Amino acid sequence: MNKTVFITGASTGLGKLTAKYFASQGWQVAATMRTPEKETELNAYPNIRIFKLDVTDVAQVKQATEQAIAAFGKIDVVVNNAGMGTYGPLEFAEESAIDWQFAVNVRGAINVTRAFLPHFRANKSGMFINISSFMGVTTAVPVGSLYNMSKFALEGLTEGLYYELKPFNIELRLIEQGGSSGNNFQNSIIWHSHPEIKDYDPIVHKVKGLMAKAGDNPDMVDDPQIVVDAIYAQATGASKQFRTLVGNAGKQLMALRNSVPIEAYLEKIAANFA
Ligand SMILES: NC(=O)c1ccc[n+]([C@@H]2O[C@H](COP(=O)([O-])OP(=O)(O)OC[C@H]3O[C@@H](n4cnc5c(N)ncnc54)[C@H](OP(=O)(O)O)[C@@H]3O)[C@@H](O)[C@H]2O)c1
């Protein structure tokens with residue numbers, strides 16, 4: 001019987017590409033998104049079913065999970081992909097933006113994971129593949145501390161759950177991707193600023209400039225198919241790596257981070273924005 005994958009945030013970018021790739025490999029796909037009524041591409045695949053899902057809405061998570069299980073009988077792999085970024089000086093972040101960063105990237109994954117646990121426990125099998133970032137294992141830019149916080153938290157959640165779920169043969173994986181092309185992530189970023197205080201402007205401009213240039217730099221942006229391949233390798237068992245760091249930017253940063261004391265690493269990154 002064909003296996004089934006459940007993917008969050010499949011409206012664009014990595015989530016959509018992952019849905020299409022798994023479908024092309026014969027998997028059954030539950031592609032979930034906040035606005036299914038806008039979807040025009042995934043509907044054409046006979047083995048993709050689309051479900052409405054905002055990962056922050058616990059009732060909707062329960063409903064989408066139940067609908068997907070009813071539609072396919074069994075879900076084998078869940079890809080917690082939905083994510084967004086909150087950038088800007090922490091001092092100026094609105095309370096709601098701070099909470100939303102956590103609500104989507106961390107609480108969202110928690111909601112979906114908890115909804116699937118009874119199913120996976122009953123099946124004595126299942127895998128959660130959590131889409132993290134190199135920003136989940138290292139720091140790379142100023143004014144990104146909230147995004148860092150969310151991905152570091154996702155890493156801790158995933159690693160902590162490993163022990164809890166091992167007795168039930170439920171597996172956990174982390175994919176730590178860097179920048180990639182073809183996604184909508186720039187539009188998934190909320191920037192915060194202060195209307196009058198300009199003290200942080202120089203550093204914010206440097207970060208925005210770096211992000212704007214990233215798209216042209218092969219050292220910073222990877223072909224998203226390498227991320228999909230990493231997800232697929234975990235889902236099929238071709239790789240059993242708990243953490244997969246994908247892409248040039250993350251590999252270069254982690255090589256630096258692992259080669260020097262943390263104090264030297266922090267100073268080197270800070271110097272890029274001085
Ligand atoms: N692109 C990068 O540079 C990069 C680097 C490292 C890690 N990542 C991570 O990779 C993952 C995928 O991002 P991407 O690069 O493919 O960017 P993307 O194109 O912006 O995709 C983000 C997806 O998350 C969805 N989403 C946001 N809030 C949601 C919510 N409350 N409920 C359900 N879905 C929600 C978006 O849906 P809507 O269309 O409804 O907004 C969209 O489908 C994210 O976890 C991101 O943090 C991205």
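This passage walks through two helices, a set of aromatic rings and three single residues of the structure. The model is a predicted one, and every value below was computed from it.

A good place to begin is helix H2, which covers residues 58-72. Its 15 residues reach 21 Å from the first C-alpha to the last, close to the 21 Å expected at 1.5 Å a residue. Just ahead of this stretch sits Asp-57, and at the start of H2 one of its side-chain oxygens comes to within 3.2 Å of the backbone nitrogen of Ala-59. Just after the helix, Gly-73 takes a positive phi of about 85°.

Which residues of H2 are buried? They are Gln-60, Val-61, Ala-64, Thr-65, Ala-68 and Phe-72. Around the helix axis these residues cover an arc of only 135°, so they sit on the same side of H2. The face turned away from that buried side carries Ala-59, Lys-62 and Ala-70, which are exposed. As for partners, the buried residues of H2 pack against strand S1 (4-7), strand S2 (28-33), strand S3 (48-52) and H3.

Helix H5 can be read in the manner just used. This helix spans residues 201-214, and its 14 residues reach 20 Å from first C-alpha to last, close to the 20 Å expected at 1.5 Å a residue. Val-204, Val-207, Met-211 and Ala-214 are its buried residues. Seen down the axis, they fall within an arc of 85° and therefore line one face of H5. The other side of the helix holds the exposed residues Pro-202, His-205, Ala-212 and Lys-213. What lies over the buried residues of H5? The cover includes strand S5 (85-87), strand S9 (189-191) and strand S10 (221-222).

Strands S5 and S9 return when the aromatic rings are considered. A pair of aromatic rings is described by the distance of the centres and the angle of the planes. In this model the count comes to 13 aromatic pairs. One of them joins Tyr-87 and Trp-191, whose ring centres are 5.6 Å apart; with the planes at 40°, the pair is tilted, because that angle lies between the cut-offs of 30 degrees for stacked and 60 for edge-to-face. Since Tyr-87 lies in strand S5 and Trp-191 in strand S9, the pair ties together parts that are 104 residues apart in sequence. Is each partner buried or partly exposed? Tyr-87, with a relative accessible area of 4%, is buried, whereas Trp-191, at 27%, is partly exposed.

Trp-191 has a further neighbour: Lys-208 lies over the face of its ring, at 4.7 Å from the ring centre. A charged residue is also placed over a ring at Tyr-265, where Arg-257 lies over the face at 5.4 Å from the ring centre. Elsewhere, ring pairs link Phe-6, Phe-116, Phe-120 and Phe-128 into a cluster.

Helix H3, already met as a packing partner of H2, holds two residues worth following. Trp-100 has its place in this helix, which runs over residues 95-123. Its relative accessibility is 30%, and it therefore counts as partly exposed, a class that lies between the cut-offs of 20% and 50%. Leaving aside neighbours within four places in sequence, Trp-100 is in contact with Arg-34, Asp-54, Thr-56, Met-84 and Ile-190. With Thr-56, the separation is 44 residues in sequence and 8.8 Å in space, C-alpha to C-alpha.

Asn-111 also lies in helix H3. At 8% relative accessibility, Asn-111 counts as buried. Where does its side chain reach? The backbone oxygen of Val-55 is found 2.8 Å from it. Beyond residues within four places in sequence, Asn-111 is in contact with Val-55, Thr-56, Val-58 and Val-61. Thr-56 thus appears among the contacts of Trp-100 and among those of Asn-111, and Val-61 is one of the buried residues of H2.

The last residue is Asn-130, found in strand S6 (residues 126-133). Asn-130 counts as buried, at 2% relative accessibility. Its side chain makes a polar contact with the side chain of Asn-80 at 2.9 Å, and another with the side chain of Thr-158, also at 2.9 Å. Not counting residues up to four places away in sequence, Asn-130 touches Asn-80, Leu-154, Thr-158, Arg-173, Leu-174 and Ile-175.

Conventions:
Residues are numbered from 1 along each chain as its sequence is written. This is a predicted model: local features need pLDDT of at least 70, side-chain atom pairs count only at pLDDT 80 or more; totals for chains, interfaces and linings use all residues. Side-chain values use heavy atoms; hydrogens and water are left out. Helices (H or I, at least four residues) and strands (E, at least two) are DSSP runs, numbered from the N terminus. Buried means under 20% relative accessible area, exposed over 50%, partly exposed in between (1.4 Å probe, protein chains only). Contact means heavy atoms within 4.5 Å. The expected span of a helix is 1.5 Å times one less than its number of residues. The arc is that of the directions from the helix axis to the C-beta atoms. Rings of Phe, Tyr and Trp (its six-membered ring) pair if their centres lie within 6.5 Å; planes under 30 degrees apart count as stacked, over 60 as edge-to-face and the rest as tilted. A charge sits over a ring if NZ of Lys or CZ of Arg is within 6 Å of the ring centre and within 35 degrees of the ring normal. A polar contact is a pair of N or O atoms within 3.5 Å; within protein, one must be able to donate a hydrogen and the other to accept it, and residues adjacent in sequence count only if both atoms are side-chain atoms.
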